[in-house]
Amino acid sequence: MMKTNAERIRAVSATAATRAAATGLAVMAALAGTAPISPTAAQDPRVDELVATVQDTIIRLREHIHQYPELGNREFNTAALVADHLRALGFDEVHTGIAHTGVVGILRGGLPGPVVAVRADMDALPVTEMTPYAFRSTVRTTYLGQEVGVSHACGHDIHVAVQLGVASVLAGMRDELPGTVKFIFQPAEEGPPPGEDGGARMMVAEGVLQDPAPSAIFGLHSFAEMEVGKVGFTSGPALAAVDHFKIRILGLQSHGAAPHLGIDPIVMASQAVSAFQTIRSRNLPPLEPSVVTVGIIRGGTRFNIIPHVVEMEGTVRTYNPDVRDAVEQRMGEILAGITAAGGGTYELDYDRGTPATINDPALGERMLPTLARVVGEENVVDLDPTMGGEDFAYFANEVPGFFFRLGQVIPGGTSGGHHTPDFQADNSAVPVGIRAMTNLLLDYLKSARAASE
Ligand SMILES: [Zn+2]
Ligand SMILES: [Zn+2]
């Protein structure tokens with residue numbers, strides 16, 4: 001039987017608990033703005049010293065990025081801020097304009113060793129922020145013809161800030177860094193605007209994992225269901241494949257008082273929405289995860305007119321490629337049946353998006369003790385897979401990937417869910433993320449180097 005993460009973590013050395021206690025105090029001390037960090041807090045005490053030095057600056061950057069969010073493929077100012085920061089740190093290479101607005105920075109250490117990559121996504125969402133933060137976004141823009149607010153309702157501002165912090169810390173100890181770290185700042189994780197390419201897939205296509213090629217990649221996501229100080233991990237399949245469908249149901253326009261003279265696409269569309277739910281409940285094995293969600297229905301112009309077309313859009317989430325095939329096939333069959341019965345026709349445009357994100361089991365086994373050491377064994381949560389998706393999958397399909405969740409809710413506080421107006425990620429998550437990610441990268445480089453000696 002597979003060991004659970006908790007069991008794996010329990011196998012960590014006996015000193016972990018002592019270290020964890022010291023670490024917790026260190027985080028609290030750092031958060032309170034008081035300096036001294038216990039040298040036992042982590043394997044390399046310099047990390048904690050450097051985190052304490054940079055965290056105020058990085059938190060200010062986080063607030064700035066949060067206050068001025070930019071949608072996918074439009075992260076112009078965020079990318080400029082990132083590139084300026086990396087250049088100021090003396091990075092060996094800083095490349096901009098990758099996959100539209102992406103930035104890649106290369107930091108070569110003073111000691112020989114492997115290449116490892118770390119990735120943060122930069123894009124915000126068309127969500128109007130309603131948080132109590134002094135630095136909340138009031139930015140508005142036009143998205144798909146609608147005027148909307150823009151905000152970091154998925155916490156990508158935290159990801160950028162953490163990764164800038166990691167860059168600062170590792171640059172501060174580059175002489176003793178055994179290898180090279182490739183920092184990837186990615187646009188459009190939530191998907192590029194319609195008609196545009198972008199995101200992780202485009203970065204990979206543009207060669208971001210070459211020259212130099214990393215032997216592993218790390219990433220994190222803030223998590224609205226977890227307190228600051230905790231991290232979550234799922235070994236193996238962690239996040240679902242994300243597909244996007246568009247449907248047009250075509251009927252015949254008529255007076256609303258004379259439905260017998262028309263063919264009503266609204267009735268057919270509503271039947272289709274209900275029938276799609278039977279794919280999950282009647283057509284698939286109950287233990288195979290899947291979701292079919294219709295997120296948009298558009299049709300009609302006036303209360304007393306039966307329109308000629310209804311458009312629908314939605315998403316399908318799966319893990320198993322056979323389940324993915326089955327859902328697409330059943331959607332087509334249901335639409336064909338309903339429109340045949342109703343006298344109409346349909347068009348189905350089924351777009352296969354991000355594949356499932358799989359955490360490399362061997363890399364997970366190797367790196368979990370680091371997370372346990374940094375945040376404390378009791379603060380590493382063994383998470384179930386989620387039906388949320390992540391285009392980190394495109395990187396993790398190329399090289400072994402390690403993707404974890406970062407707690408973001410201040411103890412005793414609350415946060416709305418991801419993509420909602422009252423999503424709240426607390427500043428205190430930033431230093432925890434910096435410490436966790438820096439130690440993961442350092443331990444990866446050190447252990448890879450030791451293995452090759
Ligand atoms: Zn999101
Ligand atoms: Zn996200």
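Student: What makes up the secondary structure of the protein chain?

Tutor: In this predicted model, the secondary structure of the protein chain consists of 11 helices and 18 strands, where a run counts as a helix when it has at least four residues and as a strand when it has at least two.

Student: How do you know that the radius of gyration of the protein chain agrees with that of a compact globule?

Tutor: For 453 residues, a compact globule would have a radius of gyration near 22 Å, and because the protein chain has 24 Å, the value agrees. The C-alpha atoms fill a box of roughly 80 × 50 × 45 Å along the principal axes.

Student: What share of the residues is buried, and what makes a residue count as buried?

Tutor: A residue is buried if 20 or more other C-beta atoms lie within 10 Å of its own, and 50% of the 453 residues in the protein chain are buried.

Student: Why is Met 437 said to touch Val 118?

Tutor: Two residues are in contact if their C-beta atoms lie within 7 Å, and Met 437 touches Val 118, Val 162, Val 166, Phe 218 and Leu 220, leaving aside residues up to four places away in sequence.

Student: Which residues touch the most other members of the largest nonpolar core, and which helix gives the most to this core?

Tutor: Leu 371, Met 437 and Leu 441 touch the most other members among its 99 residues, while helix H11, residues 429–452, gives the most, with 11 residues. This core draws at least three residues from each of domain 1 and domain 2.

Notes. Residues numbered from 1 in each chain as written. Chains lettered and ligands numbered in written order. Predicted model: local features only at pLDDT ≥ 70, side-chain atom pairs only at ≥ 80, totals over all residues. Rg over C-alpha atoms; globule rule 2.2 N^0.38 Å. Buried ≥ 20, exposed ≤ 12 C-beta atoms within 10 Å, placed from the backbone. Core = buried A, V, L, I, M, F, W, Y, C linked by C-beta atoms within 7 Å. Domains from an automatic or database assignment.
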